[in-house]
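Please open the model in a viewer and follow the selections below in order. Each stop names what to select and then states what is found there.

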Amino acid sequence: MPLNERFQRQLNRFKGVFNYFFPAPVGNLMPREVSIELTNHCNLACVMCPHGTMQRGKGFMEQALFERIIDQCRGQVELVYLYGTGESLLDNRLPGCIRYAKERGLATDLSTNGTLLNEAWARELLTSGLDFLTVCLDGGDKETYESIRIKGNFTVLVANIRTLLRVWREVSSRTRIIIQMIVMDRNLNEVEGFRNLFTSEERNAVFQFRIKPFYDTYRIPKEQIGTTPACFLPWNQMSILWNGDVALCCFDANGKVPLGNVWEQPLRDIWNGTVVQRIRHRQRTGQVHDLPLCSSCGVPRQGYFNPILLFGSAFFRTSRIRILIPYYEQHVLDPARKLLGARTAKVSNDRSV
Ligand code: SF4
């Protein structure tokens with residue numbers, strides 16, 4: 001990477017963290033991470049996903065818009081997530097999109113429900129330069145999995161993951177594979193079972209078995225509001241929907257808090273516009289009570305926005321942090337959650353926001 005780009009990214013990291021803590025002007029910011037929704041179509045209807053209650057129209061991002069976004073990310077943004085509230089494997093352009101981003105110096109991350117991830121897809125993705133691939137497996141057996149991932153097929157998914165892990169070894173891929181379980185009441189006892197679905201040889205190809213708690217991610221009780229640190233996402237991560245609308249964050253599945261539209265404005269202008277500035281000010285000063293979504297959001301309570309960690313994050317590339325997070329979760333967050341007796345959320349089909 002050219003020295004100039006490296007310096008720009010480092011400077012952007014420091015500016016973002018500084019501006020999170022202090023209201024002093026630091027000049028224009030750019031997000032460190034951008035989530036790009038290639039499509040909001042999905043082939044499943046999972047019980048914990050807001051997709052089922054989505055009110056906006058469905059579609060695929062135009063190629064010209066995707067390239068415009070990536071071109072503007074170049075030299076500033078560090079990591080792009082190639083998914084939003086939808087299944088990106090429904091879009092055959094995905095491997096080309098990964099290559100386009102990689103050729104412009106961006107790290108790439110994909111999360112998939114894995115049901116379409118056959119051998120051809122596995123070969124395409126694992127040779128595309130993709131940096132992180134998360135496959136969601138929310139159960140240790142067929143009955144549990146299929147009660148959560150409605151329309152999913154447990155047998156097909158496990159076979160797909162096995163194929164993925166075999167291809168990973170065959171092509172000596174450098175993609176980091178994460179097999180993820182979102183823990184909730186109905187699969188709480190299957191955490192070990194889901195790891196044991198795979199042989200030790202297969203497990204060697206897995207970078208992380210990630211246990212992601214489904215605490216009240218989207219909502220917290222009103223009486224607990226106001227006890228959380230400021231959310232770092234309005235400084236760190238931009239979420240772009242398939243039609244170019246920039247949503248508040250990745251939890252704004254309906255795009256109810258639009259920050260702008262990438263067809264109409266450059267990313268930089270949106271990320272330094274009055275709407276996002278107002279949200280940052282509210283977050284920084286704890287005045288989130290009348291902010292839609294933020295006022296009842298549980299994300300800042302999950303232990304990722306510790307001031308020491310945030311300050312330290314300014315010294316690391318975002319892809320490096322993405323690698324370190326599993327260790328933080330395993331050795332700090334998980335024991336702390338157990339100690340505090342954190343509860344898993346009841347699963348509700350009503351995730352509209
Ligand atoms: S507090 Fe929640 S809803 Fe608000 S920006 Fe952060 S993650 Fe999004």
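**First stop: T228 and its surroundings**

Begin by selecting T228, which sits in the loop between β6 (208-213) and α9 (233-236). The model is a predicted one. Is T228 buried, exposed or partly exposed? T228 counts as partly exposed, because 19 C-beta neighbours lie inside 10 Å, whereas a buried residue needs 20 or more. Leaving aside residues up to four places away in sequence, T228 touches P300 and R301. Add Q283 to the selection: 55 residues separate T228 and Q283 along the chain, yet their C-alpha atoms are 9.8 Å apart.

**Second stop: helix α11**

Q283 leads to the next selection, helix α11, which comprises residues 274-284. Which residues of α11 are buried? They are V276, I279 and Q283. Viewed down the axis of α11, the buried residues fall within an arc of 60°, so they line one face of the helix. The spacing follows a common rule: an α-helix has 3.6 residues a turn, so residues three or four places apart point the same way.

Now display α9 and α10 (267-271), which are among the elements that cover the buried residues of α11. Turn to the face of α11 directed away from its buried side, and select T274, R278 and H281, which are exposed. Just after α11, select G286, where phi is positive at about 75°.

**Third stop: the ligand**

Select the ligand and the residues around it: C231, L233, P234, L248, C249, F251, L293, C294, C297, V299 and P300. P300 has appeared already, as one of the residues that T228 touches. What classes of residue make up the shell around the ligand? The shell has eleven nonpolar residues, with no polar and no charged ones.

**Fourth stop: two positive phi angles outside glycine**

Most residues other than glycine have a negative phi. Two loop residues are therefore worth selecting in view of that general rule.

Select K151, in the loop between α5 (142-148) and α6 (154-170). Phi of K151 is positive, near 80°, although the residue is not a glycine. K151 is exposed, because 12 other C-beta atoms lie within 10 Å.

Then follow α6 into the loop that leads to β5 (176-183), and select S172 there. S172 is likewise not a glycine, and its phi is positive at about 50°. With 8 other C-beta atoms within 10 Å, S172 is exposed.

**Fifth stop: the whole chain**

Display the whole chain, which has 13 helices and nine strands. The radius of gyration is 20 Å, close to the 20 Å that the globule rule gives for 353 residues, so the chain is as compact as a globular protein of that length. The C-alpha trace spans about 55 × 50 × 40 Å along its principal axes. Of the 353 residues, 37% count as buried. Among contacts with a separation of 6 or more, 77% join residues 24 or more positions apart.

**Last stop: confidence**

Colour the chain by pLDDT: the average is 89, and 91% of the residues score at least 70. Over residues 343-353, however, the pLDDT is below 50, and beyond near neighbours in sequence this stretch has 34 contacts in the model. Where pLDDT is low, the predicted coordinates should not be read in detail.

Notes:
Residues numbered from 1 in each chain as written. Predicted model: local features only at pLDDT ≥ 70, side-chain atom pairs only at ≥ 80, totals over all residues. Helix = DSSP H or I, 4+ residues; strand = E, 2+ residues; numbered from the N terminus. Rg over C-alpha atoms; globule rule 2.2 N^0.38 Å. Contact = placed C-beta atoms within 7 Å. Near = placed C-beta within 6 Å. Nonpolar A, V, L, I, M, F, W, Y, C, P; charged D, E, K, R; others polar. pLDDT = per-residue confidence, 0-100. Arc of directions from axis to C-beta.
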